[in-house]
Amino acid sequence: MRILVVEDEVDLAHTLRTGLTAEGYSVDLAHDGRQGLWMARNGEYALVVLDLMLPGLNGYKVCAQLRREGNTTPILVLTAKDGEWDQAEALDTGADDYLAKPFSYVVLVARLRALVRRAATVAPPVLAVGDLSVDVAGRVCRRAGARVELTPREFAVLELLARRAGQAVSKTDLLYHAWPDEAWDPNLVEARVSALRKKVDAAFGRRSLQTVRGTGYRLVDDRERDDRERDDRGRDDRERDDRERDDREGDDRDRDRD
């Protein structure tokens, strides 16, 4: 599960990443408000830990902008501003929880777990694209009810494509989602997509994972295209039959005149 920590105190940010990584989270860091806003918009995070006193764009504005855009990612404000009006403003702006510095690390982790549980009650448990299902919590993929075994990286790539079903997803976004802490190489994405096609498409005679030339990839319900193609074939067959019938009737009329 990925968490974004937006904190301009670099030492504290790295300490948080070390501790939360030990708890099993994948943690990305941003050290100013503008970078944090961009990452929160594009990173598909389960949680955001947000400081208020940030350079570039303060935490109130980051939170307010995300909520205006319809981003519902849970936000925990972690800040030295501990006045009651500060807390009220942060919560009214859209934050889900508030913890003042200095803080107990045990309490921080417990509150993050609580936010995850709360978010799980409203988030769809399974992402479905046609008869392909991606169980994010259970880390299970199925096609037409049959389980498909995926590696962790393959699952991460498929998860993001399923979350943005029907949309073109860039290789950069896929790299950022599946390889957050490693050197970025588009070949990593291409190799995983090739493996996914074999497992979720070719093995079932399907074509749901499409290449979007110059951009990246898109996951679609390919059954709709198959239905259209069958309709087109049926229409072509009917038109051919009509032409052949017209030709036969024309030949019969010519013989009658003779």
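**Exercise 1. Is alanine 144 buried or exposed, and at what relative accessibility?**

Solution. The model is a predicted one, and the residue should first be placed in its chain context: alanine 144 sits in the loop that links β8 (140-143) to β9 (146-148). Next, take its backbone, where phi is near 55 degrees, a positive value in a residue other than glycine. Finally, apply the cut-off, under which exposed means over 50% relative accessible area; at 57% relative accessibility, alanine 144 therefore counts as exposed.

**Exercise 2. Work out the order of the strands in the five-stranded sheet, and name its edge strands.**

Solution. Begin with the order, which is β2-β1-β3-β4-β5 in an open sheet with parallel pairing. The strands that pair on one side only are then the edges, namely β2 (26-30) and β5 (97-100). As a last step, consider the twist: neighbouring strands of this sheet are turned by 20 degrees against each other on average, with direction ignored.

**Exercise 3. Describe the surroundings of strand β1, and explain why β1 is largely enclosed by the rest of the structure.**

Solution. Start with the partners of β1. With β2, the strand pairs in the parallel sense over five bridges, and leucine 4 stands opposite aspartate 28 of β2. With β3 (residues 47-50), strand β1 (residues 2-6) pairs in the parallel sense over four bridges; here isoleucine 3 has leucine 47 as its bridge partner, while valine 5 stands opposite valine 49.

Then follow the connection: β1, helix α1 (residues 10-22) and β2 together make a right-handed β-α-β unit.

Now turn to the two faces of β1, both of which are covered, with Arg2, Leu4 and Val6 buried on one side and Ile3 and Val5 buried on the other. Since five of the five residues of β1 are buried, the strand is largely enclosed by the rest of the structure.

**Exercise 4. Which peptide bond is cis at proline 102, and where does this proline lie?**

Solution. The bond in question joins lysine 101 to proline 102, and its omega is about -10 degrees. Proline 102 itself belongs to the loop between β5 and α5 (105-120).

**Exercise 5. Characterise the packing of α6 against α8, and relate both helices to the three-stranded sheet.**

Solution. First, consider the geometry: the axes of α6 (residues 152-163) and α8 (residues 186-201) come within 10 Å and cross at roughly 85 degrees. Because angles of 65 to 115 degrees count as roughly perpendicular, α6 and α8 are roughly perpendicular to each other.

Second, list the residues that meet, which are Arg153, Glu154, Val157 and Leu158 in α6 and Arg192, Val193, Ala195, Leu196, Lys199 and Val200 in α8. The residues of this contact divide into six nonpolar, no polar and four charged.

Third, identify the sheet, an open one with antiparallel pairing in the order β10-β12-β11, whose edge strands are β10 (169-170) and β11 (209-212). Between β10 and β12 (residues 216-219) there are two bridges, and serine 170 has glycine 216 of β12 as its bridge partner.

Fourth, set the helices on this sheet: α6 lies across β10, β11 and β12 and runs at about 65 degrees to β12, whereas α8 touches β11 and β12, its direction making about 145 degrees with that of β11.

**Exercise 6. How many of the eight residues of helix α7 are buried, and which are they?**

Solution. The buried residues in α7 are Asp173, Leu174, Leu175, Tyr176, His177 and Ala178. Six of the eight residues of α7 (residues 171-178) are thus buried, so this helix is largely enclosed by the rest of the structure.

Definitions and conventions. Residues are numbered from 1 along each chain as its sequence is written. This is a predicted model: local features need pLDDT of at least 70, side-chain atom pairs count only at pLDDT 80 or more; totals for chains, interfaces and linings use all residues. Side-chain values use heavy atoms; hydrogens and water are left out. Two strands pair if DSSP finds at least two bridges between them. Axes are lines fitted to C-alpha atoms, for helices over the stretch in contact, and angles run from 0 to 180 degrees between N-to-C directions. Buried means under 20% relative accessible area, exposed over 50%, partly exposed in between (1.4 Å probe, protein chains only). A crossover is right-handed if, with the strands pointing away from the viewer, the path from the first strand over the helix to the second runs clockwise. Angles under 35 degrees count as roughly parallel, over 145 as roughly antiparallel, 65 to 115 as roughly perpendicular and the rest as oblique. Contact means heavy atoms within 4.5 Å. Ala, Val, Leu, Ile, Met, Phe, Trp, Tyr, Cys and Pro count as nonpolar, Asp, Glu, Lys and Arg as charged, and the others, Gly among them, as polar.
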